[in-house]
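Reader: Hello! Could you walk me through this structure with a few questions and answers?

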Amino acid sequence: MIRFGVIGAGRIAQTFSDAVKGVNDAELYAVASRDLEKAQAFKSQHQYKHAYGSYEAMLEDSNVDCVYIATPHGLHYEQMLKCLEYNKPILCEKAFTLNATQAKHVFDIARKKNLFVMEAMWTRFLPVIQAVKEIIADGVIGEIKHLDITFGFHTEAEDRDRIFNPSLGGGALLDIGIYPLTLADMLLGSPEGVETTVKKHPRTGVDIHETMTLSYKNASAQITAAFDENLPNDAKIIGSKGTIVIPFFWQAEEAYIYDDKQNLCEKLSFPHPVNGFEYEIEAVVYCLKNNFKESPIMPHTKTIAMLNQMDALRKAWLINYPNEL
Ligand SMILES: NC(=O)c1ccc[n+]([C@@H]2O[C@H](COP(=O)([O-])OP(=O)(O)OC[C@H]3O[C@@H](n4cnc5c(N)ncnc54)[C@H](OP(=O)(O)O)[C@@H]3O)[C@@H](O)[C@H]2O)c1
């Protein structure tokens, strides 16, 4: 049984807690918040065994087998270093850190201490995404020529909310742009070139709407991420012999396969048993029980590669975070 301890009793910790209930050999053991009353309410809501009023107090509990970090991006780096100090394996929400330098440092320490660490990029574990990869490998849509992927929604969040707040690692890229970049990476690998545009938040300066045109040897990808506009939020994979459309690709349960005349040939359907987080949690449980130090599906090299891409984009946009190395 893997006993999970959660850092941060916020929005995504709810989703994670629901999913753990659907995973064999995983237990909701402890939750830690900066506020003990909040931790206790969260504990009762999800039937955790323990509630802690500080993150460090939970790390002192030797029964915690793996820590799930569910706080804003700007806090992940320091929190992971603290977890490693206490010899805790880690599942950390995306974006893993603010930049690649921070991620490499975390992985170096984890390697020296022989501890498991994984970025919680749940999209990589979804069965429908795995099935789409197999269909493409089988040549059903021919060679990939173009990807068109959007992830965007209009939000009225306050400037201090984590999504607009630079000191918490705000901005559309690290929050949602990471998903289309990840899918493009899964399908086409690293791009050879990138052209990009950005619109910044008028007061906080973080990126709120960006386009990225990625070029590969024989293909291209058009990606848009936005906090100021509702976008189609699907992924279109256009091949030489057909097209695949994945609605809500980052949390997908379905995909549609079309031939080159736009006739629907097949619908893939993989309904989530809970909410889709269960697949990455199952993978963590498997890795820990089998003494893996990293996941073959979400290896450290991929976390670093995605952060390198995002570092380059932010460099082009002249966007830095106050607390990045
Ligand atoms: N995989 C997905 O689909 C998905 C979806 C949404 C978010 N996420 C990721 O999950 C992480 C958390 O996102 P969220 O939407 O859950 O965030 P959130 O609700 O804004 O914050 C999560 C928790 O972080 C803790 N926290 C610690 N210091 C904080 C500070 N200075 N300001 C604000 N909160 C602080 C708080 O917990 P306490 O008050 O209990 O200490 C807060 O409840 C991010 O990395 C995000 O990218 C993933």
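Author: Gladly, and a definition comes first: buried means under 20% relative accessible area, exposed over 50%, and partly exposed in between, using a 1.4 Å probe and protein chains only. Helices (H or I, at least four residues) and strands (E, at least two) are DSSP runs, numbered from the N terminus. This is a predicted model, in which local features need pLDDT of at least 70, side-chain atom pairs count only at pLDDT 80 or more, and totals for chains, interfaces and linings use all residues. Residues are numbered from 1 along each chain as its sequence is written, and side-chain values use heavy atoms, with hydrogens and water left out.

Reader: Thanks! Within what arc do the buried residues of H5 fall, seen down the axis?

Author: The buried residues of H5 are Ala100, Gln102, Ala103, Val106, Phe107 and Ala110. The arc is taken from the directions from the helix axis to the C-beta atoms. Seen down that axis, the buried residues of H5 line one face of the helix, because they fall within an arc of 160°.

Reader: Which elements do the buried residues of H5 pack against?

Author: Helix H5 covers residues 100–113. Contact here means heavy atoms within 4.5 Å. By that rule, the buried residues of H5 pack against helix H4 (73–85), strand S6 (117–120) and helix H9 (300–317).

Reader: At the start of H5, which backbone nitrogen does a side-chain oxygen of Asn99 reach?

Author: A polar contact is a pair of N or O atoms within 3.5 Å; within protein, one must be able to donate a hydrogen and the other to accept it, and residues adjacent in sequence count only if both atoms are side-chain atoms. Here the oxygen of Asn99 comes to within 3.3 Å of its partner, the backbone nitrogen of Thr101.

Reader: Which residue's side chain is joined to that of His209 by a polar contact?

Author: His209 sits in strand S9 (residues 207–215) and is buried, with a relative accessible area of 17%. Leaving aside neighbours within four places in sequence, its contacts include Thr197, Lys199, Thr224 and Glu229. The side-chain polar contact, 2.7 Å long, is with Asp228.

Reader: I always check the cysteines. How many disulfides does the structure hold?

Author: A disulfide is a pair of cysteine sulfur atoms within 2.5 Å. The sulfur of Cys92 is 8.4 Å from the closest cysteine sulfur, in Cys83, so it is too far for a bond. Cys287 is in no disulfide either, with the nearest cysteine sulfur, that of Cys66, 10.0 Å away. For the structure, the number of disulfides is zero.

Reader: What kind of aromatic pair do Phe248 and Trp250 form?

Author: Rings of Phe, Tyr and Trp (its six-membered ring) pair if their centres lie within 6.5 Å; planes under 30 degrees apart count as stacked, over 60 as edge-to-face and the rest as tilted. The structure holds 14 aromatic pairs. In this one, the centres are 5.9 Å apart and the planes are at 85°, making the pair edge-to-face.

Reader: Is Trp250 buried or exposed?

Author: Its partner Phe248 counts as partly exposed, at 43% relative accessibility. Trp250 has a relative accessible area of 10%, so it is buried.

Reader: Which residue does a cis peptide bond join to Lys94?

Author: Look in the loop between strand S5 (90–93) and H5. The cis bond has an omega of about -15°, and the residue it joins to Lys94 is Ala95.

Reader: Last one: is Asn291 buried or exposed?

Author: Asn291 lies in the loop between helix H8 (278–289) and H9, and has a positive phi of about 65° although it is not a glycine. With a relative accessible area of 54%, Asn291 is exposed.

Key: Expected span 1.5 Å × (residues − 1).
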